[in-house]
Amino acid sequence: FEYFHNLIYIGRTTGNLTIQDPGLLSSHLLIEVVQGEVIVHPQKEVEFYLLNGKRATTPRKIRLNDKVSFGRTTLKLIAFEETAPSSKKNTLNQ
């Protein structure tokens, strides 16, 4: 998937990326790109996720080729770049 946002919410029923996975909560993870780093944030009721096969319960930085697993889903980070922030006014006018 390719996104042009610095914040990507992932869940079963809500978010920028919805995945039909019965192991996911409606809102499961947030992926954030900030200051050249990618950070995975579990949402409030998420007990854990796997980062390269190891259990994680708190926000973690991820690098290229890292795998993040949650439910029956695995995502691999293959590339990223931070997009320039834009004002709400500019976004609404586009």
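**Exercise 1.** In this predicted model, find the residue with a positive phi in the turn of the β3–β4 hairpin.

*Solution.* Start with the turn: two residues lie between β3 and β4 in this hairpin. Look at Q35 there, and you get a positive phi of about 50°. Next, check the pairing on either side of the turn. β3 (residues 29-34) and β4 (residues 37-42) are antiparallel, with six bridges. For one pair to click on, take I31, which faces V40 in β4.

**Exercise 2.** Work out how β1 is joined to β3.

*Solution.* Pick out β1 at residues 7-11, then follow its four bridges over to β3. The two strands run antiparallel. Y9 makes a handy marker, since its bridge partner in β3 is L30.

**Exercise 3.** Give the strand order of the open four-stranded sheet, and say which strands stand at the edges.

*Solution.* Reading across, you get β6-β5-β8-β9, with antiparallel pairing. β6 (54-56) and β9 (73-76) each have a single partner strand, so they stand at the edges, with one side lacking a neighbour in the sheet. From one strand to the next, the twist averages 30°. Now zoom in on β5 (residues 49-51) and β8 (residues 67-70): two bridges hold this antiparallel pair. Here L50 sits across from S69 in β8.

**Exercise 4.** Which ring does the charged end of R55 sit over, and how many aromatic pairs are there?

*Solution.* Go to R55 and follow the side chain out: its charged end is over the ring of F48, 4.0 Å from the ring centre. Then try ring against ring, taking centres within 6.5 Å as a pair. That count comes to zero.

Terms used: Residues are numbered from 1 along each chain as its sequence is written. This is a predicted model: local features need pLDDT of at least 70, side-chain atom pairs count only at pLDDT 80 or more; totals for chains, interfaces and linings use all residues. Side-chain values use heavy atoms; hydrogens and water are left out. Rings of Phe, Tyr and Trp (its six-membered ring) pair if their centres lie within 6.5 Å; planes under 30 degrees apart count as stacked, over 60 as edge-to-face and the rest as tilted. A charge sits over a ring if NZ of Lys or CZ of Arg is within 6 Å of the ring centre and within 35 degrees of the ring normal. Two strands pair if DSSP finds at least two bridges between them. Axes are lines fitted to C-alpha atoms, for helices over the stretch in contact, and angles run from 0 to 180 degrees between N-to-C directions.
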